[in-house]
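Visitor: I would like to learn how to read a model like this one. Please take me through it feature by feature.

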Amino acid sequence: MQKSLSIVIPVYNGAATIPKTIREIINFFSNKSSDVVFLLEIILVNDGSKDDSEKVIRDIVSKETGNVKLRYFSNETNSGKGYSIKRG
């Protein structure tokens, strides 16, 4: 059985941590031994970061990720976690 799952991740100055977060999410859902196959979508929303988050996110999104769909949005200014989640 297939199930769709979308995960929205608001990012603010997370350049150092976002690659590991994405890897862990993908590994978690890839290593499930059950009858359910997850069609995973990860939506990253850069919330006006001042560090290299945008570059890091764009690098991640541009790479092949198998059956995981990666999407990216960027807020012009820091609009808060709630706004970023709703945007995603």
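Guide: Start with the charged pairs. A search of the whole structure finds four salt bridges. A salt bridge here is a side-chain nitrogen of Lys or Arg within 4 Å of a carboxyl oxygen of Asp or Glu. Note what kind of model this is: it is predicted, local features need pLDDT of at least 70, side-chain atom pairs count only at pLDDT 80 or more, and totals for chains, interfaces and linings use all residues. Residues are numbered from 1 along each chain as its sequence is written, and side-chain values use heavy atoms, with hydrogens and water left out.

Visitor: What is pLDDT, and what is its mean for the protein?

Guide: pLDDT is the predictor's confidence in each residue, from 0 to 100. Where it is low, the predicted coordinates should not be read in detail. In this protein the mean is 90, and 97% of the residues reach 70 or more. Confidence is highest in strand 3, at 94, and lowest in helix 3 (residues 81–87), at a mean of 90. Helices (H or I, at least four residues) and strands (E, at least two) are DSSP runs, numbered from the N terminus.

Visitor: Back to the salt bridges. Which residue does Glu41 pair with?

Guide: Side chains of opposite charge can pair when their charged atoms come close. Glu41 pairs with Arg71, and their closest N and O atoms are 3.2 Å apart. This bridge links distant parts of the chain: Glu41 is in strand 2, Arg71 is in strand 3, and 30 residues separate them.

Visitor: Is Glu41 buried or exposed?

Guide: Use the cut-offs: buried means under 20% relative accessible area, exposed over 50%, and partly exposed in between (1.4 Å probe, protein chains only). Glu41 has 15% relative accessibility, so it counts as buried. Arg71 is partly exposed, at 30%.

Visitor: Which salt bridge lies in helix 1?

Guide: Glu24 with Lys20. Their closest N and O atoms are 3.6 Å apart. The two are four residues apart in helix 1, so about one helical turn separates them. Glu24 is partly exposed, with a relative accessible area of 47%. Lys20 is also partly exposed, at 49%.

Visitor: And in helix 2, which residue does Lys55 bridge to?

Guide: To Asp59, with the closest N and O atoms 3.1 Å apart. Again the spacing is four residues, about one helical turn of helix 2. Lys55 is exposed at 53%, and Asp59 is partly exposed at 34%.

Visitor: How do I find the face of helix 2 that packs inward? Which residues are buried?

Guide: Look down the axis and mark the buried positions. In helix 2 these are Ser53, Val56, Ile57 and Ile60. They fall within an arc of 95 degrees, so they line one face of the helix. The arc is that of the directions from the helix axis to the C-beta atoms. On the other side, Lys55 and Ser62 are exposed. The buried residues pack against strand 1, helix 1, strand 2 and strand 3.

Visitor: How many residues are in the largest nonpolar core?

Guide: First, the term: a nonpolar core is a set of buried Ala, Val, Leu, Ile, Met, Phe, Trp, Tyr and Cys residues joined through side-chain atoms within 4.5 Å. The largest one here has 16 residues, and Ile9, Ile18, Ile22, Ile42 and Leu44 have the most contacts inside it. Two or more residues come from each of strand 1 (2–11), helix 1 (18–30), strand 2 (37–47), helix 2 (53–62) and strand 3 (69–75). Helix 1 gives the largest share, four residues.

Visitor: What does Ile18 touch?

Guide: Contact means heavy atoms within 4.5 Å. Leaving aside neighbours within four places in sequence, Ile18 is in contact with Ile9, Val11, Leu44, Val56, Ile57 and Ile60.

Visitor: Now a polar residue. Where does Asn46 lie, and is it buried or exposed?

Guide: Asn46 lies in strand 2. It is buried, at 3% relative accessible area. A polar contact of 2.6 Å joins its side chain to that of Ser49. Such a contact is a pair of N or O atoms within 3.5 Å; within protein, one must be able to donate a hydrogen and the other to accept it, and residues adjacent in sequence count only if both atoms are side-chain atoms.

Visitor: What else does the side chain of Ser49 reach?

Guide: The backbone oxygen of Val11, at 3.4 Å. The Ser49 side chain also makes a polar contact with the side chain of Ser53, at 3.5 Å. Ser49 sits in the loop between strand 2 and helix 2, and is buried at 15%.
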